[in-house]
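Trainee: Could you walk me through this one, please? I would like to practise reading a fold with you.

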Amino acid sequence: MFSTGEKPGKGYYRCVRCGEVIYLNDDTDTLPPCPKCHNTRWTRA
Ligand SMILES: [Zn+2]
């Protein structure tokens, strides 16, 4: 499980609340809040 503000690395992440999937395209990218539901918890998709 990952949180908004972490830099877990390149890849796809799924919002644990609504299932929205986002893509971080660089290892220095920071996880945002979910654009749909503003949840801050993510799992690797
Ligand atoms: Zn969400």
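Trainee: Happy to start with the sheet. In what order do the four strands lie in the open sheet?

Mentor: Keep in mind that this is a predicted model. The pairing in the open sheet of four strands is antiparallel. Strands S1 (2-3) and S3 stand at the edges, each with a single partner strand, so one side of each is left without a neighbour in the sheet. Reading across, the order is S1-S4-S2-S3.

Trainee: And along the chain, what is the run of elements from the N terminus on?

Mentor: The secondary structure comes to zero helices and four strands. From the N terminus, then, the elements run β-β-β-β.

Trainee: How many bridges join S2 to S3?

Mentor: Strand S2 covers residues 11-15 and strand S3 covers residues 21-24. They form a hairpin with five residues between them, and glycine 19 in the turn has a positive phi of about 85°. One of the bridge pairs sets glycine 11 against leucine 24 in S3. The two strands run antiparallel, and the number of bridges joining them is four.

Trainee: S2 also pairs with S4, so to speak. Which residue in S4 is the bridge partner of cysteine 15?

Mentor: S2 and strand S4 (residues 41-44) pair in the antiparallel sense over three bridges. Among the pairs, tyrosine 13 has arginine 44 as its partner in S4. For cysteine 15, the partner in S4 is tryptophan 42.

Trainee: Which residue in S4 stands opposite serine 3?

Mentor: Here we turn to S1 and S4, which run antiparallel and are joined by two bridges. Opposite serine 3, in S4, stands arginine 41.

Trainee: Let's look at leucine 24. Is leucine 24 buried, exposed or partly exposed?

Mentor: Leucine 24 is found in strand S3. A buried residue needs 20 or more other C-beta atoms within 10 Å, while an exposed one has 12 or fewer. Leucine 24 has 18 within 10 Å, which means that it counts as partly exposed.

Trainee: Which residues is leucine 24 in contact with, leaving aside its neighbours within four places in sequence?

Mentor: Take the backbone first: the C-alpha atoms of leucine 24 and tyrosine 12, twelve residues apart along the chain, are separated by 6.4 Å. With the sequence neighbours left aside, the contacts of leucine 24 are Lys10, Gly11, Tyr13 and Asp29.

Trainee: Finally, the whole chain. What percentage of the residues of the protein count as buried?

Mentor: The C-alpha trace spans about 25 × 15 × 15 Å along its principal axes. Among contacts with a separation of 6 or more, residues 24 or more positions apart account for 45%. Of the 45 residues, the share that counts as buried is 9%.

Key: Residues numbered from 1 in each chain as written. Predicted model: local features only at pLDDT ≥ 70, side-chain atom pairs only at ≥ 80, totals over all residues. Pairing = 2+ DSSP bridges. Contact = placed C-beta atoms within 7 Å.
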